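I opened this notebook to record what I looked up in one structure. The entries run from the whole chain down to a single residue.

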Amino acid sequence: MPRFSVIVPCFKVQGFLRECLDSVLLQSFGDLELIAVDDCSPDDCGAILDEYADRDPRVKVLHLPQNVGLGRARNAGLPHATGDYLLFLDSDDTLTPGALRATADRLAEADDPDVLVFDYARTYWWGGTRRNVLAHVLAQAGADTFTVAGRPEILDLLMVVWNKVYRRDFVEEHGFEFPPGYYEDTPWTFPVLLSARRIAVLDRICLNYRQRRQGNILSTTSRKHFDIHEQYERVFAFVDRHAELAVHRPYLHRKMGEHCLDILAKPDRLPPEDKAEFFRRTAEMFRRHRPEGALVDGEVALLEGSYAAYRLRRQAGRAGREAVRRAATARRAAAGRARRGWAGLHMRRPLDPDLVVYSASSHRGVLGDPAAVYHKALEIAPRLRGVWVVRDEEAAAQLPPGVEHVLVGSRRCLEVTARAKFFVNDVNWPGSLVKRPGSVHIHTHQGTPLKYMGADLLGRPGARLGSDVPQMLRRADRWDFSLVANRHSELVWERAYPCHFTSARTGSPRNDVLVGAGDRAGDAFRLRHGIPEDHTVVLYAPTRRDYRRGGYVERVDLGRLAADLGEGHTLVVRLHPTLAAGPARGLGLTELARRGVVVDATDEPHVEEVMLASDALITDYSALMFDYANLDRPIVVHADDWAPFTASRGAYLDITAHAPGHVSRSQRELAWLFGSGAWRDEESARSRAEFRERFCEFDDGRAAERVVRTLLLGESMPAAGEGAVRIPGQNVGGDLLAST
């Protein structure tokens, strides 16, 4: 008996079907059967299904003699299911990698609940991906099982069949089946959830819900959308047969009204001549099923009036929104004129020689190199007044106590930027910032560059998507100094940003804490995350990909990697900052962190602290490796997609040929490196020493002090790397910036 029976009804989806089937059959968890139902499809769906059945015994194919529709096609597959759990997958959707393994693990943890609800992401035909906006409902549900009465918010999730798995015995006991018609999920999902005694959730994206450009049944203009009324009649009839469920009637009543009004509001659902009839039938049904004492307010209150009143309200709403939009545009324009006038007033005042304006990571807070310079200035030059520019009140609330700050675009921001002598930033100031004569702009960058930047992106259209390179260079024209940690960076920045700045061989200020760091430097992080003192901490830090919209490509199975590391190891994962708010964490990281399999350090504000707490680094092509090399701890480069990465983004050197340690080309090889101990052998130490000599050339632990003394105070100080043995950084074979 398999663990899962995956039922896939198929009709006119030949273009998507193979991808759907492969997403199931290539899962790392293979204890399944796939029951594919050919709903008398007129295209080649049936032939494709037979082909898969011939080569994989887990595939069973049913060919229906006539088309019966989505719900009844699912019903046809039910009697053939023998698995412990049922999963209904639409044939144009796909399971995400590792979804069934994560689901099986969660079912075991929850002791086989009646229903398990998992998360999904909408994947759009143009390449975009958006996670379920109600994902927080799953995150807040916790690890325990519950009923709808205990957590009614579970009913706020999209009421579809495919974001859940169902215990087959539970389904058979209650005799659940799908009705004919559109919206067949509605009279299945509500009764199932209301009947379940034990519901569990999995806060992980297990399914990609394809948003087709055309061909989606629910986007077809038709009177078939009137089926929604009959489907809700079935829901109410089910509640009538189970007196104990009467408490949920007010919610279902309101949900029915909202659902029907949503269908009516969609421009592509109902024929225009049928909308009045749809409204009247909805209103009649709403009145007939209204529970005694039920509160009717908000949008559903429109169902107590006429269709004419509904249309007037809709038209008024559109007109009101347009008026609000125009008023907001006018206010913004007026505010902009006022701010420019305010800024002009202060531009006529002299520069303040002691005022330093800082910003980091697009105004996110006191971070990175600018933060290191700021703290050192407080220590050795207290007369300098440091003011941070932050993006919003939320970012301001996260600032350390006593940090003076201004909000982007505010009058106070315009005042300090108009009068500041010094500017320290690691990204770039807005194009609206005017560089006054005598002001000094210090650009710290965000580490040593491996992938193409600036003007070098002009030949990489995919990598520069959304970036205005000429505007980027105009902003860089304001730089006076560009901080570098090595000669490689010096040459890269002068090539990528052909502007009139001076390269300052200061080292990277944020790396000062890494140079000569002791073994106990990361204890605070370990203690905060409950990592045992005797554990070997392995940090995995992947970067984003330019060949995939959204930037995230799951190159490593995190659960498997944690298991491969074995007892006595803790895997810490830190995603690239640009991936932190996207769907990447929902593809397994969040759930693994909840179960204690890994530690998710993506939200840790100070990456230096994460590095200090680790004993080894696994990365692909993240610039973090150049900083981490200062710790003189093992580094493994996981380069299983180096060719597509460089083809799409470009790289200044072949990191696989000049790596700071061993290079793995597959997860199996990565596991072998750690299992055999090769990750910290003499060869890796030699590679790391060469890498450090080249790329940590100017990092001597005094970079922040050097910036403050030489660039802010105008004092002299020994140059970085004096007395050290240096090598000509660009005379190494395979480097695209090699001297000629």
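I began with burial: 54% of the 740 residues in the chain are buried. The model is a predicted one, and I read every entry below with that in mind.

Next I looked at the surface. The chain exposes about 32400 Å², and carbon and sulfur atoms supply 50% of that area.

I then listed the secondary structure and found 25 helices and 22 strands in the chain. I checked the overall packing after that. The radius of gyration is 30 Å, close to the 27 Å that the globule rule gives for 740 residues, so the chain is as compact as a globular protein of that length. For the extent, I noted that the C-alpha trace spans about 85 × 65 × 45 Å along its principal axes.

I looked up the contacts between residues at least 6 apart in sequence. Of these, 74% join residues at least 24 apart.

For charge, I recorded 99 positive and 101 negative side chains. The centres of the two sets lie 8 Å apart.

Last, I picked one residue, R74, and found it in helix α3, which covers residues 70-77. Is R74 buried or exposed? Its relative accessible area is 0%, and buried means under 20%, so R74 counts as buried.

I also asked which residues R74 is in contact with, leaving aside its neighbours within four places in sequence. From the earlier part of the chain I wrote down I7 and P9. The other contacts of R74 are F88, D90, V161, F178, E184 and D185.

How values were computed:
Residues numbered from 1 in each chain as written. Predicted model: local features only at pLDDT ≥ 70, side-chain atom pairs only at ≥ 80, totals over all residues. Heavy atoms only, no water. Helix = DSSP H or I, 4+ residues; strand = E, 2+ residues; numbered from the N terminus. Rg over C-alpha atoms; globule rule 2.2 N^0.38 Å. Buried < 20%, exposed > 50% of the residue type's maximum accessible area, 1.4 Å probe, protein only. Contact = heavy atoms within 4.5 Å. Areas by Shrake-Rupley, 256 points an atom, 1.4 Å probe, with all protein chains shown as cover. Lys, Arg positive; Asp, Glu negative; His and termini not counted. Charge placed at Lys NZ, Arg CZ, Asp CG, Glu CD.
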